[in-house]
Each structure stands twice: as structure tokens, then as C-alpha cells.
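Biologist: Please choose one part of this model and take me through it closely. I am new to this, so explain each term when it comes up.

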Amino acid sequence: MVALKNIKQKNNIIEFDYYPENGQDYGHVRYDADKKEVIDKKLAKEDTRYKGIERYLNFAILRLERVLNDPKFDGNFKDRYEAFWY
């Protein structure tokens, strides 16, 4: 599971913190919604364990993109979003 919090948007840039399950810290992301790409990131400690994998970050990005593509999304972010492993 990963949680997204503190989501803020200015123009096309979205910033948020992501919290891995049972994590002691969190990561921070700046995401360009128009280009659909990460433009800056600070990885959570759990994402630094295995070089190049960054699974919590990737899962957080997928969750953000699902929110943005949801036809019911009105441009106002909730305080928190969660994504669970399937």
C-alpha cells in the first residue's frame, strides 16, 4: 500500500508526498501533468533498497494518474489517496 498526501497543483505541476506502507519516512514528487512525467523526486527510504526499482514511487504515480483520468475528478484533490496491491 502507498498513500498520497499534501497534494498541491499549480498550473500543470502537481506536487505530493507519498508514504510507503510501514514506512518510516516519505518521498516527495513534482509531476508534470501535461507531459505525464516526473520532473523532480526525493525517494522514500523504502524505494532506495533496490537500485532502480522505485516500486512505491511508481505505484504512487499510477494512483495519481487514475485520479486525474477519472471522469468524476473535478480538479480538487482529497486530503489523501491510497493505493493497495492487488
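Modeller: What follows starts from Y56 in helix α1 and then moves to the parts around it.

This is a predicted model, in which local features need pLDDT of at least 70, side-chain atom pairs count only at pLDDT 80 or more, and totals for chains, interfaces and linings use all residues. Residues are numbered from 1 along each chain as its sequence is written, and side-chain values use heavy atoms, with hydrogens and water left out.

Helix α1 covers residues 55-69 (helices are DSSP runs of H or I with at least four residues, strands are runs of E with at least two, and both are numbered from the N terminus). Y56 is buried, at a relative accessible area of 5% (buried is under 20%, exposed is over 50%, and partly exposed is in between, with a 1.4 Å probe and protein chains only). The C-alpha atoms of Y56 and L43 are 9.0 Å apart in space, while the two residues are 13 apart in sequence.

Next come the rings. The structure holds 4 aromatic pairs (rings of Phe, Tyr and Trp, the last by its six-membered ring, pair if their centres lie within 6.5 Å; planes under 30 degrees apart are stacked, over 60 edge-to-face, the rest tilted). The pair of Y56 and W85 is tilted, because the ring centres are 5.6 Å apart and the planes stand at 55 degrees. Y56 belongs to helix α1 and W85 to the segment after β5 (80-83), so this pair ties together parts that are 29 residues apart in sequence. Whereas Y56 is buried, W85 is partly exposed, with a relative accessible area of 36%. F59 joins them: Y56, F59 and W85 form one aromatic cluster.

Y56 also takes part in the lining of the largest pocket (on a 1 Å grid over the protein atoms alone, a pocket is an open set of points with protein on both sides within 12 Å along at least five of seven lines, and lining residues have an atom within 4 Å of a point). The volume of this pocket is about 170 Å³, counted as the space filled by probe spheres set on the points. Along with Y56, the lining is made up of E21, N22, E46, D47, R49, Y50, I53, E54 and R55. Sorted by class, it has 6 charged, 3 nonpolar and 1 polar residues.

One of the lining residues, E54, forms a salt bridge with K41, with the closest N and O atoms 3.0 Å apart (a side-chain nitrogen of Lys or Arg within 4 Å of a carboxyl oxygen of Asp or Glu). K41 lies in strand β4 (37-42) and E54 in the loop between β4 and α1, so the pair ties together parts that are 13 residues apart in sequence. E54 is buried, at 17% relative accessible area, and K41 is partly exposed, at 40%.

The structure holds 3 salt bridges. Another one joins R30 to E15, where the closest N and O atoms are 3.7 Å apart. R30 lies in strand β3 (residues 27-32) and E15 in strand β2 (residues 13-20), so parts that are 15 residues apart in sequence are tied together. R30 is partly exposed at 29%, and E15 is partly exposed at 30%. The side chains of R80 and E82 also meet in a salt bridge, at 2.7 Å from N to O. R80 counts as partly exposed, at 36% relative accessibility, and E82 is partly exposed too, at 30%.

Key: 1 Å grid on protein atoms, 1.4 Å probe; cavity = no way out; pocket = protein on both sides within 12 Å on 5 of 7 lines; lining within 4 Å. Nonpolar A, V, L, I, M, F, W, Y, C, P; charged D, E, K, R; others polar.
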